[in-house]
Amino acid sequence: MNKISTKPNNDFCPQTLFLYGTYDENGNPDFGLFCWFSYIWDANELGVMCCIGGKKLTMDNILRDKVFSACLVTEEMLPYADYLGCVSGYKEEKMKIGLDIGKGAVLNVPTLNDSPVIFELEVTQFIPTGDAHIMICKIRNVLQDENLSSKDISDVEKLAKIAPVKTTCSRYFSYTGGDLGLWGEPMKKFNSGKNE
Ligand SMILES: Cc1cc2nc3c(=O)[nH]c(=O)nc-3n(C[C@H](O)[C@H](O)[C@H](O)COP(=O)(O)O)c2cc1C
(Lines give C-alpha, C1' and ligand atoms only; values in the text may rest on other atoms or scores of the structure.)
Protein backbone atom coordinates (compact mmCIF):
# COMPACT_ATOMS: atom_id res chain seq x y z
CA MET A 1 0.00 0.00 0.00
CA ASN A 2 1.55 3.35 -1.06
CA LYS A 3 1.43 6.04 1.63
CA ILE A 4 1.30 9.84 1.50
CA SER A 5 2.37 12.19 4.32
CA THR A 6 -0.27 14.57 5.72
CA LYS A 7 -0.37 17.28 8.37
CA PRO A 8 -1.35 16.06 11.90
CA ASN A 9 -4.93 14.73 11.90
CA ASN A 10 -6.85 11.73 13.24
CA ASP A 11 -9.20 11.07 10.33
CA PHE A 12 -10.13 7.40 9.85
CA CYS A 13 -9.32 6.70 13.53
CA PRO A 14 -12.79 6.31 15.13
CA GLN A 15 -13.20 7.43 18.75
CA THR A 16 -15.89 6.58 21.27
CA LEU A 17 -18.07 9.46 22.51
CA PHE A 18 -18.88 10.39 26.11
CA LEU A 19 -20.91 13.16 27.72
CA TYR A 20 -19.02 14.57 30.71
CA GLY A 21 -21.27 15.63 33.59
CA THR A 22 -20.19 18.29 36.09
CA TYR A 23 -21.85 20.75 38.48
CA ASP A 24 -21.21 24.46 38.05
CA GLU A 25 -20.35 26.70 40.98
CA ASN A 26 -24.08 27.10 41.80
CA GLY A 27 -24.68 23.32 41.81
CA ASN A 28 -26.41 23.26 38.40
CA PRO A 29 -25.55 20.29 36.13
CA ASP A 30 -23.70 20.84 32.86
CA PHE A 31 -22.93 18.28 30.14
CA GLY A 32 -20.42 18.55 27.25
CA LEU A 33 -19.51 16.05 24.52
CA PHE A 34 -15.99 14.60 24.45
CA CYS A 35 -13.96 11.98 22.55
CA TRP A 36 -10.33 12.47 23.64
CA PHE A 37 -10.76 9.72 26.21
CA SER A 38 -8.82 6.50 26.72
CA TYR A 39 -7.57 4.11 29.37
CA ILE A 40 -4.41 3.49 31.40
CA TRP A 41 -3.20 0.77 33.71
CA ASP A 42 -1.90 2.40 36.87
CA ALA A 43 -1.18 1.13 40.41
CA ASN A 44 -2.63 -2.25 39.45
CA GLU A 45 -5.99 -0.93 38.30
CA LEU A 46 -7.74 0.45 35.25
CA GLY A 47 -7.75 4.25 35.02
CA VAL A 48 -8.72 6.92 32.48
CA MET A 49 -6.71 9.57 30.63
CA CYS A 50 -8.44 12.37 28.76
CA CYS A 51 -7.88 15.84 27.37
CA ILE A 52 -9.94 19.02 27.24
CA GLY A 53 -8.75 21.85 25.00
CA GLY A 54 -9.39 25.56 25.48
CA LYS A 55 -11.62 27.28 28.02
CA LYS A 56 -14.90 25.42 28.66
CA LEU A 57 -17.41 25.27 31.50
CA THR A 58 -16.74 21.53 31.87
CA MET A 59 -13.03 22.29 32.39
CA ASP A 60 -13.70 25.10 34.90
CA ASN A 61 -15.93 22.72 36.89
CA ILE A 62 -13.43 19.84 36.84
CA LEU A 63 -10.53 22.11 37.85
CA ARG A 64 -12.62 23.26 40.85
CA ASP A 65 -14.23 19.95 41.97
CA LYS A 66 -11.77 17.37 40.49
CA VAL A 67 -14.64 14.97 39.71
CA PHE A 68 -16.91 14.30 36.70
CA SER A 69 -19.00 11.58 35.10
CA ALA A 70 -18.32 10.18 31.61
CA CYS A 71 -21.56 8.81 30.14
CA LEU A 72 -21.31 6.57 27.05
CA VAL A 73 -23.25 8.08 24.12
CA THR A 74 -25.69 5.80 22.27
CA GLU A 75 -27.52 6.32 18.97
CA GLU A 76 -30.70 7.13 20.89
CA MET A 77 -28.85 9.92 22.76
CA LEU A 78 -27.09 11.35 19.67
CA PRO A 79 -29.47 14.25 18.83
CA TYR A 80 -29.02 15.83 22.27
CA ALA A 81 -25.37 14.71 22.60
CA ASP A 82 -24.58 16.60 19.36
CA TYR A 83 -26.37 19.66 20.79
CA LEU A 84 -24.36 19.43 24.04
CA GLY A 85 -21.16 19.28 21.95
CA CYS A 86 -22.07 22.25 19.73
CA VAL A 87 -23.44 24.65 22.37
CA SER A 88 -21.18 26.22 25.01
CA GLY A 89 -21.96 25.80 28.70
CA TYR A 90 -21.36 29.55 29.05
CA LYS A 91 -24.65 30.02 27.16
CA GLU A 92 -27.20 30.42 29.96
CA GLU A 93 -29.98 28.45 28.22
CA LYS A 94 -27.81 25.42 27.32
CA MET A 95 -29.12 23.00 29.92
CA LYS A 96 -32.80 23.97 29.71
CA ILE A 97 -33.65 21.00 27.48
CA GLY A 98 -35.29 18.58 29.91
CA LEU A 99 -32.62 15.86 30.20
CA ASP A 100 -33.22 12.86 32.48
CA ILE A 101 -30.43 13.58 34.98
CA GLY A 102 -29.37 11.33 37.86
CA LYS A 103 -26.54 11.29 40.38
CA GLY A 104 -23.37 9.25 40.79
CA ALA A 105 -23.54 6.40 43.30
CA VAL A 106 -20.10 7.19 44.77
CA LEU A 107 -19.08 10.69 43.63
CA ASN A 108 -21.04 13.95 43.63
CA VAL A 109 -21.46 14.09 39.84
CA PRO A 110 -24.52 14.45 37.58
CA THR A 111 -25.23 11.48 35.30
CA LEU A 112 -27.52 10.78 32.33
CA ASN A 113 -30.09 8.07 33.02
CA ASP A 114 -30.27 7.21 29.26
CA SER A 115 -26.61 6.14 29.19
CA PRO A 116 -25.93 2.39 29.67
CA VAL A 117 -22.33 2.82 30.95
CA ILE A 118 -21.22 5.69 33.19
CA PHE A 119 -17.77 6.22 34.71
CA GLU A 120 -17.53 8.19 37.95
CA LEU A 121 -14.08 9.78 37.70
CA GLU A 122 -11.78 11.58 40.12
CA VAL A 123 -8.84 13.49 38.65
CA THR A 124 -5.56 12.65 40.41
CA GLN A 125 -3.28 14.62 38.08
CA PHE A 126 -3.75 17.67 35.83
CA ILE A 127 -1.11 18.20 33.15
CA PRO A 128 -1.56 21.74 31.76
CA THR A 129 -0.07 22.10 28.27
CA GLY A 130 -0.70 25.80 27.68
CA ASP A 131 -4.08 25.70 25.92
CA ALA A 132 -5.27 22.26 27.05
CA HIS A 133 -5.42 20.09 30.15
CA ILE A 134 -4.54 16.40 30.11
CA MET A 135 -6.13 14.58 33.04
CA ILE A 136 -5.26 11.31 34.72
CA CYS A 137 -8.28 9.86 36.53
CA LYS A 138 -9.16 7.12 38.99
CA ILE A 139 -12.36 5.21 38.19
CA ARG A 140 -14.23 5.42 41.50
CA ASN A 141 -17.30 3.58 40.15
CA VAL A 142 -18.87 2.28 36.94
CA LEU A 143 -22.67 2.48 36.70
CA GLN A 144 -23.80 -0.13 34.19
CA ASP A 145 -27.24 -1.01 32.86
CA GLU A 146 -28.14 -4.25 34.68
CA ASN A 147 -29.01 -5.94 31.35
CA LEU A 148 -25.30 -5.78 30.45
CA SER A 149 -24.53 -8.36 33.14
CA SER A 150 -27.11 -10.84 31.80
CA LYS A 151 -25.72 -14.26 30.89
CA ASP A 152 -28.58 -14.86 28.43
CA ILE A 153 -27.26 -12.80 25.54
CA SER A 154 -23.72 -12.48 24.11
CA ASP A 155 -21.49 -9.40 24.37
CA VAL A 156 -21.90 -8.97 20.60
CA GLU A 157 -25.69 -8.78 21.02
CA LYS A 158 -25.35 -6.44 24.03
CA LEU A 159 -23.19 -4.00 22.04
CA ALA A 160 -25.62 -4.10 19.12
CA LYS A 161 -28.45 -3.35 21.54
CA ILE A 162 -26.85 -0.34 23.27
CA ALA A 163 -25.41 0.97 19.93
CA PRO A 164 -22.54 3.24 21.09
CA VAL A 165 -21.66 6.12 18.72
CA LYS A 166 -18.19 6.71 17.23
CA THR A 167 -16.71 9.79 15.58
CA THR A 168 -14.07 10.57 12.96
CA CYS A 169 -13.73 12.82 9.86
CA SER A 170 -16.11 15.32 11.63
CA ARG A 171 -18.96 12.76 11.33
CA TYR A 172 -20.77 10.39 13.63
CA PHE A 173 -20.86 6.65 12.91
CA SER A 174 -22.80 3.74 14.34
CA TYR A 175 -20.89 0.97 16.08
CA THR A 176 -21.17 -1.08 12.87
CA GLY A 177 -19.99 1.78 10.63
CA GLY A 178 -23.31 3.29 9.47
CA ASP A 179 -23.25 7.04 8.75
CA LEU A 180 -25.08 9.07 11.45
CA GLY A 181 -24.35 12.51 9.98
CA LEU A 182 -21.92 15.41 10.23
CA TRP A 183 -21.22 17.16 13.55
CA GLY A 184 -24.09 19.63 14.00
CA GLU A 185 -26.61 17.60 11.96
CA PRO A 186 -28.22 15.24 14.55
CA MET A 187 -29.07 18.19 16.82
CA LYS A 188 -31.40 19.55 14.11
CA LYS A 189 -33.70 16.56 14.72
CA PHE A 190 -33.58 17.27 18.43
CA ASN A 191 -34.33 20.97 17.96
CA SER A 192 -37.26 20.29 15.64
CA GLY A 193 -38.54 17.64 18.07
CA LYS A 194 -38.31 20.17 20.90
CA ASN A 195 -40.30 22.76 18.96
CA GLU A 196 -43.13 20.39 18.05
C1 LIG B 1 -18.08 15.14 18.35
C2 LIG B 1 -17.46 16.11 19.31
C3 LIG B 1 -16.41 15.69 20.13
C4 LIG B 1 -15.79 16.59 21.00
N5 LIG B 1 -14.73 16.18 21.76
C6 LIG B 1 -14.04 17.08 22.50
C7 LIG B 1 -12.88 16.66 23.24
O8 LIG B 1 -12.51 15.48 23.31
N9 LIG B 1 -12.19 17.63 23.92
C10 LIG B 1 -12.58 18.94 23.93
O11 LIG B 1 -11.90 19.77 24.53
N12 LIG B 1 -13.73 19.34 23.31
C13 LIG B 1 -14.46 18.44 22.60
N14 LIG B 1 -15.61 18.82 21.94
C15 LIG B 1 -16.14 20.20 22.13
C16 LIG B 1 -17.07 20.32 23.37
O17 LIG B 1 -18.06 19.33 23.41
C18 LIG B 1 -17.77 21.69 23.31
O19 LIG B 1 -16.80 22.71 23.44
C20 LIG B 1 -18.88 21.85 24.34
O21 LIG B 1 -19.58 23.04 24.08
C22 LIG B 1 -18.34 21.83 25.75
O23 LIG B 1 -19.42 21.97 26.66
P24 LIG B 1 -19.34 22.97 27.93
O25 LIG B 1 -19.09 24.35 27.35
O26 LIG B 1 -20.68 22.81 28.56
O27 LIG B 1 -18.20 22.50 28.75
C28 LIG B 1 -16.25 17.93 21.08
C29 LIG B 1 -17.35 18.33 20.29
C30 LIG B 1 -17.95 17.43 19.41
C31 LIG B 1 -19.11 17.88 18.57
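How much area does the chain expose, and what share of this area do carbon and sulfur atoms supply? In this predicted model, the exposed area of the chain comes to about 11300 Å², of which 53% is supplied by carbon and sulfur atoms. Buried residues, by contrast, make up 44% of the 196 residues in the chain. Among the charged side chains, 20 are positive and 26 are negative, and the centres of these two sets are separated by 4 Å.

With regard to overall architecture, the chain contains four helices and 13 strands. Its radius of gyration is 17 Å, which is close to the 16 Å given by the globule rule for 196 residues, and the chain is therefore as compact as a globular protein of that length. The C-alpha trace spans about 50 × 45 × 40 Å along the principal axes of the chain. Of the contacts in the chain with a separation of 6 or more, 60% are accounted for by residues 24 or more positions apart.

Within the set of strands, β1, β11, β12 and β13 form, in that order, an open sheet of four strands in which the pairing is antiparallel. The edges of this sheet are occupied by β1 (15-16) and β13 (179-182), each of which pairs on one side only. For the edge strand β1, the pairing is with strand β11 (residues 166-168), in the antiparallel sense and over two bridges; at the level of individual residues, Q15 has T167 in β11 as its bridge partner.

Terms used:
Residues are numbered from 1 along each chain as its sequence is written. This is a predicted model: local features need pLDDT of at least 70, side-chain atom pairs count only at pLDDT 80 or more; totals for chains, interfaces and linings use all residues. Side-chain values use heavy atoms; hydrogens and water are left out. The radius of gyration is taken over C-alpha atoms; the globule rule is 2.2 Å times the number of residues to the power 0.38. Buried means under 20% relative accessible area, exposed over 50%, partly exposed in between (1.4 Å probe, protein chains only). Contact means heavy atoms within 4.5 Å. Accessible areas come from the Shrake-Rupley method with a 1.4 Å probe; for residues, only the protein chains shown count as cover. Lys and Arg count as positive and Asp and Glu as negative; His and the chain ends are not counted. The place of a charge is taken as NZ of Lys, CZ of Arg, CG of Asp or CD of Glu. Two strands pair if DSSP finds at least two bridges between them.
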